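Work through the exercises below with the model open. Try each task before reading its solution.

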Amino acid sequence: MVVKTKAHKKNDLTVITTHINADFDALASMLAAQKLYPDSIAVFPGSQEKNLRNFFIKSMVYLFNIADVKDIDIENIKRLVLVDTRQANRIGNLSAVLDRPDVDIHIYDHHPPMGNDIKGHHEVHYLTGATVTILTELIKQKGIAISPDEATIMCLGIYEDTGSFTFPSTTEKDFTAAAFLLSKGANLNVVSNLISREISPEQIGLLNDMIQAATRYNINGIEIVITSVTTDNYVSDFAFLVHKMVKMENLNAIFSIALMGDKIYIVARSRIPEVDVGALVTPLGGGGHTFAAATTIRGKTLAQIEHELLEILYKKVRSRSRAKDLMSSPAITVDADVPCKDAADLLTRYNINALLVTQQYDGKKNLVGFITRQIIEKAMFHGLDHIPVKEYMTTEFASVERDSELQEIREKIIENKQRLLPVIDNDTIIGVITRTDLLNILVQQSEHTDPGSPDLLKEHSHARTRNIVKFMKERLSPRIIDILKTIGEKADEIGCGAYVVGGFVRDLFLYRNNEDIDIVIEGDGIAFAKKYVQTVDTRIHSYEKFGTAVIIFPDGFKIDVASARMEYYKFPAALPTVEMSSIKLDLFRRDFTVNTLSIQLNPDRFGVLIDFFSARKDLKEKAIRVLHNLSFVEDPTRVFRAIRFEQRFGFSIGKLTSGLIENAVKMDFFKKLSGRRVFAELRQILEEENPLAAITRLNEYNLLSVIHSSLVLNNKTISLFNSVKKVLSWHDLLFLEEPYMKWAVYFLALTRSCDNKTVSEICRRIEIAPRYRPIFCKERFEADKCIFWLERDLSAKNSTIYHRLSVFKIELILYMMAATKNEIAKRSISNYFTQLRHINTSIKGRDLKKIGLEPGPIYREILQAVLDAKLNGRLKTRSDELSFVRNYDR
C-alpha cells in the first residue's frame with residue numbers, strides 16, 4: 001500500500017469524482033469517500049449506466065451531496081479526490097485541474113498500476129476486488145458511523161465488482177469489508193435485486209403496476225400484501241415477477257392477482273408458517289405447498305376474487321405467538337430518580353437500547369415509563385447527565401398481558417412507536433418485548449431471511465402512504481393543482497423528488513383554507529427553482545446559505561422552496577445547524593407530528609400522501625405531540641407553537657408532550673433564547689383569532705415569566721382580553737382598508753398592569769423593534785390618562801374629544817375602547833373612530849383670502865374654529881362655514 005500526504009487549506013472546495021460510465025463500485029466509492037471528506041461535493045464526470053442512474057436518482061440521491069459537473073467552477077477546486085480510477089482520460093473535463101500546482105490530488109484505487117497513472121499527493125492503493133473495500137476499511141478504522149442505506153450501497157459495490165465473491169480478484173479484505181457492512185445493516189435483498197438479470201420493458205411495467213397497487217392488510221397480527229393488476233395481453237413469467245416483488249419489497253406474504261385477457265391468475269408466496277398459501281389458495285381451485293401456490297380462474301371479476309380471498313384469509317390466518325413466548329425476561333429496569341448518566345451505564349452494561357422506568361410505592365416497584373438510548377444520549381450531549389431519567393422518560397406507553405396475541409403486540413409496538421413493550425402479570429413486570437423480539441418472530445429468522453435486513457419496525461422507517469388525488473381535486477382550486485403538477489414535472493426532469501409539506505397538507509385534512517405552499521426538494525432546491533422559472537412565467541429570490549428559494553408569480557402569489565435538510569442543535573435553545581437530507585429526515589426535524597405530512601408531486605407518484613410519523617392518527621385524535629423527548633430542550637420556542645396550535649385547532653397537548661413542557665420550564669431552557677425569538681412566537685400567538693386561550697395556557701405552564709416575571713394573568717387581564725376581542729371584531733366588521741397591528745392591541749392589554757419601567761424592561765427583553773416601543777412605553781400611559789379623563793368628563797364636546805384622541809395611533813384607540821368600562825366613554829371613542837376623525841372643513845386658506853383676510857396665524861385659528869363648530873354639529877354646509885367665518889369674532 002502506498003500513502004502520500006500533503007497539507008491543504010481548511011476551507012478548500014473538495015470534489016470527489018470517478019471514471020466515466022461509473023459502475024456500482026464507483027458509486028459506492030464516491031459515497032464512502034464523502035464519509036471521509038464530510039464537506040465534499042460528489043460529481044459524476046459523465047453519464048451513468050441506465051440501472052445505476054435509475055437506482056441513484058430514484059432511491060438513494062439523498063445520501064449524497066452531489067452537483068452536476070456543469071455547475072462546478074473548476075477554478076474553485078482546491079482538492080480533487082479520485083476513486084476507482086487513476087486515468088486522466090477517464091475523468092472527463094475534471095482532468096483540467098490535474099496540471100494546477102495548487103490542487104491536492106487524493107487517490108483511492110484497487111486497479112493494478114500503469115505507466116500513465118495520475119500521481120497524487122495522497123494515494124491509498126492495494127489490490128482488492130473492489131475500491132470500496134479500501135474505503136470501507138478506512139471508515140471502520142476511523143470509527144465513522146454509516147447508515148443501513150449507506151452500508152447497502154457500499155456492499156453493492158463489493159458484490160458487483162467481485163461477482164458476488166466468485167471472481168479470482170476477490171480477496172479476504174472484500175469478505176471482511178462486506179461482513180462489516182452487513183453488521184451496519186446492509187440489505188442483501190436490495191443488492192441481489194440490483195445485480196440480477198434485466199427483465200423486459202413489458203414485465204417492468206407490470207411489476208411497477210403490482211408495486212403501486214399493493215395493499216397491506218393486518219390480518220390477525222400478520223401483514224399480508226394483496227396486489228391486483230390488469231393487462232390486455234398475457235405477460236410471461238408472472239410468478240417470477242411476484243418473486244421479484246417479494247425480494248424488492250421484503251414481503252412476508254403476498255397474493256398477486258392479475259387479470260390477463262379473460263383469465264385471472266393468482267400467484268401466492270409466503271416466508272412465514274402462519275400463512276400457508278397452499279391451503280389458502282385451495283378453496284379458490286388452486287394448489288401448491290406452504291410457501292408457494294397458484295391458481296387460474298375464469299368467469300369472475302377481480303373484485304369478486306379479492307373479496308373471496310380476504311374472507312379466506314380472515315378465517316384461516318392465525319398468529320401462533322403469545323407475549324409469554326416472545327418476551328425477554330427478566331426486564332432490565334431503572335429507578336425514576338437515577339441520573340441519565342447512570343442509566344446510560346446500564347444500557348451499555350446490558351447492551352440494550354431502552355430501559356423500563358420504575359418507582360417505589362408502598363414497597364413495590366411500579367412501572368411509570370420507559371426511556372431510550374437515543375433520548376439519554378441526547379440529554380447527555382446537552383449536558384443534562386445529572387438530571388433524573390423521570391424528567392425525559394416516555395410516560396405514555398402501552399403494555400400487554402402474558403397471553404396477549406401477536407396482533408395486539410404488533411399494534412401496540414408499531415402504532416405507539418414503542419421500542420419495548422412491558423409484559424404485566426398481576427401488576428408485576430414479568431418481561432419485556434422489544435422491537436427486535438417482534439422482528440424475529442415476524443421473519444422467523446429462517447435461512448431464507450437476510451440477517452442484514454433493516455429493522456422493519458424501526459421508528460418511522462416505513463411511511464404510511466395513500467393516494468389522495470381525488471381528495472386534492474375536491475379541496476384545491478384547479479390553479480393550485482396545476483401548479484403542484486408542474487412542480488412535480490420539473491423536479492422529475494432534474495431527477496429530484498418533490499413534495500408539498502407541512503401546514504398546507506395538515507390544513508387540507510382539517511378542511512381549513514391554506515394556500516401557503518411549502519415545497520421540499522430531495523436535492524438542490526435552488527437548482528429546481530431556477531429550472532422552474534425557465535419555463536413558467538415567474539421569478540425567484542434565492543438564499544444560498546439555507547438552500548431555499550421563493551418562487552414569485554406575476555400576481556404576487558408565492559411558493560417557498562427548500563432543499564430537504566436535517567437540523568441538529570449544538571446546545572439547548574441554540575439555532576439549528578442545517579445539513580442536506582432526505583424527505584424523511586427533513587420531516588423529522590419539524591416541531592410536531594401533525595406538521596409532518598407530505599404529498600409527493602412527481603408524475604409517477606403524484607398525490608401520494610406520505611405519513612412517516614402517524615400524523616393522520618394524531619389529527620384524528622386531535623393531539624399535539626412532539627417527535628422526540630428532547631424536542632423542547634433543542635428548541636424551547638416549540639412550546640409556544642404547541643400551545644398556539646392546540647388552541648387554534650381545538651386540539652389537546654399530549655400527556656407526554658405536556659410533561660416535557662413542564663420540564664423545559666423547570667430546567668429554565670428559555671433563558672438562553674434570544675428575545676427576538678420569544679417575541680416572534682408571542683406575536684404569532686397574539687395574532688390568533690382568540691389569543692386569550694393560548695395566553696391562559698402559557699400562564700398555566702408558568703411561561704409568562706419567560707417574558708417577564710411581573711406578567712400575570714388575573715381576572716382584570718382576562719376581562720380586558722375579552723373586551724379587546726369584541727372591539728377588534730367590531731372594527732373588522734367596519735371593513736376599513738387601513739391596516740393595524742392586531743398583536744399590538746393585545747400586547748397593550750397584556751402589559752396594562754405593568755408600570756413604565758417594567759414595560760421598558762419587557763420591550764428590551766423580547767427585543768421589540770425601536771419603532772414600536774413608544775406605543776408601549778410612553779403612548780399607552782398617555783392613553784390611560786385619556787381614558788381617565790373620558791370617564792370623568794362624560795359631557796365633553798365632540799371637538800374636545802377629537803383633539804384628545806387624534807394624537808393616538810389606531811392601535812391605541814382600539815385599546816382605549818376596550819379598556820374603558822364606561823359605556824358613554826366607549827361610545828365617545830367609537831363615535832370618534834367611525835365619524836369624527838373623518839370630518840374636515842370644506843373651506844381652505846384660499847377661501848379666507850377671498851373674503852379679504854390677510855394671510856397669517858389667524859388662518860389656523862379660524863380654520864380650527866370652523867372645524868370645532870362642524871364637529872359639534874353647528875355647521876353642515878360650505879355656506880354655513882363661510883357665514884361662520886364672516887361672523888367670527890377676531
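**Exercise 1. What is the handedness of the crossing of α28 and α29?**

Solution. The crossing of α28 and α29 is right-handed. The rule: a crossing is right-handed if the near helix is turned clockwise from the far one by less than a right angle, and left-handed if anticlockwise. This is a predicted model, where local features need pLDDT of at least 70, side-chain atom pairs count only at pLDDT 80 or more, and totals for chains, interfaces and linings use all residues. Residues are numbered from 1 along each chain as its sequence is written, and side-chain values use heavy atoms, with hydrogens and water left out.

Next, list the residues in contact (heavy atoms within 4.5 Å). Helix α28 brings T717, L720, F721, V724, K725 and L728. Helix α29 brings K742, V745, Y746, A749 and L750. Sort them by type: 8 are nonpolar, 1 is polar and 2 are charged. Here Ala, Val, Leu, Ile, Met, Phe, Trp, Tyr, Cys and Pro count as nonpolar, Asp, Glu, Lys and Arg as charged, and the others, Gly among them, as polar.

**Exercise 2. At what angle do α28 and α29 pack?**

Solution. Take α28 as residues 715–732 and α29 as residues 742–750. The angle is about 155°, and the axes lie 9 Å apart. Therefore α28 is roughly antiparallel to α29. The cut-off for roughly antiparallel is an angle over 145 degrees.

**Exercise 3. Does the end-to-end distance of α23 agree or disagree with the expected span?**

Solution. Helix α23 covers residues 637–649, which is 13 residues. The expected span is 1.5 Å times one less than the number of residues. That gives 18 Å for α23; the end C-alpha atoms are 19 Å apart, so the two agree. Just after α23 comes G650, with a positive phi near 70°.

**Exercise 4. How many residues of α23 are buried?**

Solution. Buried means under 20% relative accessible area, exposed over 50%, and partly exposed in between (1.4 Å probe, protein chains only). In α23, 11 of the 13 residues are buried, leaving the helix mostly covered. Among them are V639, F640, I643, F645 and F649. Charged side chains also appear in the buried set, including R638, R641, R644 and E646. Across the 890 residues of the protein, 52% count as buried.

**Exercise 5. Is E377 buried or partly exposed?**

Solution. Locate E377 in helix α13, residues 373–381. Its relative accessibility is 46%, so E377 counts as partly exposed. Now compare positions: E377 and I718 are 341 residues apart along the chain, and their C-alpha atoms are separated by 42 Å.

Conventions: Axes fitted to C-alpha atoms, helices over the stretch in contact; angles between N-to-C directions. Helix = DSSP H or I, 4+ residues; strand = E, 2+ residues; numbered from the N terminus. Parallel < 35°, antiparallel > 145°, perpendicular 65-115°, else oblique.
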